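Q: I have a structure in front of me and would like to learn how to read it. Can we go through it feature by feature?

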Amino acid sequence: MPICPVCDAEFPMNNYEDMAYHFHQYAEKSDSLHVSWLNRNITKNKAPHLDLAQKLAGYYHLSDGDLKNWIIRDFIRRFRGDMPHPFILSMQAYNPDVMKGYVVEHHHFLKQWIKSCSYVIAKTDFEDVQSYELDNIMTELHGYGSEEPSHHELLIRMGEALGMSREYILSEKPLKATASATRTWDQLARNESWIRVMAAMHSLELIANRDLGRYGAKYQYFNPDFLLMNNIPTSVKNFLREGYEADVSHSYIALDLVEKYRKPEDTEGIQYAYLKSVDAFSSYLEARLERGESFGNKQ
């Protein structure tokens, strides 16, 4: 059952003619959200109804029958392909202000992250899925003692190394785009099935997956030379290194579990949840840059 990733309108399974008609209706009303989604993902040209239906069907089609591969290739196109996301471009050169913006906004992302993973645990009886998510929550928020601090703790230490206090990081409110994105993820977690939530959240870990070059990624998440540069604080390197080393397995294992348990009739529902999530993620990454610019303007 295709679902509009903009307004959640539902259509009969594999019926992209109705979906095309839906987008045409909103285009005639000059609805910016629907038109923008079409422009970013399907076509920037006005297409006849049947042509648009074919383009939509082609976009959602799993060319090799593998949803994991479809998600990976779509994610690369959006964030790490020929036209990378502005945040990815900014991470090719070290900028302390960008890293500060990263710290303040990512604190809110991680708080929502563990809530979403908890919903997955609560909604499934598959023990391998529950075990995976429990380990993920421990890694992200709790850690494994002083030798293996959590991702959240490493984030705060990075912020402290950049001159911000722990109290400031924990008390600062999210920017509007971050707050909107976390609401989207919270609604998905509350309302959708565990497998849709799992796909929606863990596909986002592809952002730091250093293995994506073999799928066609043109950019790394950040310039790996950062890890060798003497002018970058150790706490910054520790935070970046943790994601650099963990997100290959994190993202692949989660998507393998989605592939293992998905039912063919729910494929379009999983695609819907993924698409809602990555659109929110794109706005959230822009919020990191906006916050970073605010630090630069204070100097």
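A: What follows takes the core, a helix pair, the salt bridges and two backbone angles in turn. The model is predicted.

Q: Which residues have the most contacts inside the largest nonpolar core?

A: In soluble globular proteins, nonpolar side chains tend to be buried together. Here the largest nonpolar core has 94 residues, and Leu-56, Trp-185 and Phe-281 have the most contacts inside it. Helix α13 (residues 267-298) supplies the largest share of this core, 12 residues.

Q: What is Phe-281 in contact with, leaving aside its neighbours within four places in sequence?

A: With those neighbours set aside, the contacts of Phe-281 are Phe-75, Phe-79, Phe-109, Trp-185, Leu-204 and Ile-207. Trp-185 is thus a contact of Phe-281 and is also listed with it among the residues with the most contacts inside the core.

Q: How should I read a pair of packed helices, and at what angle do α2 and α3 pack?

A: Two packed helices are described by the angle between their axes and the distance between the axes. For α2 and helix α3 (residues 49-60), the angle is about 65° and the axes are 12 Å apart. The crossing of α2 past α3 is left-handed.

Q: Which residues of α2 and α3 meet?

A: Trp-37, Leu-38 and Asn-41 are the α2 residues, and they meet Leu-52, Leu-56, Tyr-59 and Tyr-60 of α3. By class, this contact has six nonpolar residues, one polar residue and no charged ones. Leu-56 has appeared already, as one of the residues with the most contacts inside the largest nonpolar core.

Q: How many salt bridges are there?

A: Taking a salt bridge as a side-chain nitrogen of Lys or Arg within 4 Å of a carboxyl oxygen of Asp or Glu, the count comes to 19. Some are joined up: Arg-40, Asp-74, Arg-77, Arg-78 and Asp-279 are linked in a network.

Q: Where do Arg-157 and Glu-153 lie?

A: Both are in helix α8 (residues 151-161), four residues apart, which is about one turn of the helix. They form a salt bridge, with the closest N and O atoms 2.8 Å apart. Arg-157 is partly exposed at 36% relative accessibility, while Glu-153 counts as buried at 19%. The cut-off for buried is under 20%, so Glu-153 falls on the buried side with its 19%.

Q: Which parts does the pair Arg-291 and Glu-172 tie together?

A: The side chains of Arg-291 and Glu-172 meet in a salt bridge at 3.0 Å, N to O. Arg-291 is in helix α13 and Glu-172 is in the loop between α9 (166-171) and α10 (176-191), so the pair ties together parts 119 residues apart in sequence. Arg-291 is buried, at 6% relative accessibility, and Glu-172 is partly exposed, at 23%.

Q: Is Arg-262 buried or exposed?

A: Arg-262 is buried, with a relative accessible area of 16%. Its side chain meets that of Glu-259 in a salt bridge of 2.9 Å, N to O. Glu-259 is partly exposed at 21% relative accessibility.

Q: What is phi near in Asp-8, and about what value does phi have in Ser-30?

A: Most residues other than glycine have a negative phi, and most peptide bonds are trans. Phi of Asp-8 is positive, near 70°, and that of Ser-30 is positive too, at about 55°. Asp-8 is in the segment before α1 (16-28) and is partly exposed, with a relative accessible area of 35%. Ser-30 is in the loop between α1 and α2 (32-41) and is exposed, at 58%.

Methods:
Residues numbered from 1 in each chain as written. Predicted model: local features only at pLDDT ≥ 70, side-chain atom pairs only at ≥ 80, totals over all residues. Heavy atoms only, no water. Core = buried A, V, L, I, M, F, W, Y, C linked by side-chain atoms within 4.5 Å. Buried < 20%, exposed > 50% of the residue type's maximum accessible area, 1.4 Å probe, protein only. Helix = DSSP H or I, 4+ residues; strand = E, 2+ residues; numbered from the N terminus. Contact = heavy atoms within 4.5 Å. Axes fitted to C-alpha atoms, helices over the stretch in contact; angles between N-to-C directions. Left-handed = near helix turned anticlockwise from the far one by under 90°. Nonpolar A, V, L, I, M, F, W, Y, C, P; charged D, E, K, R; others polar.
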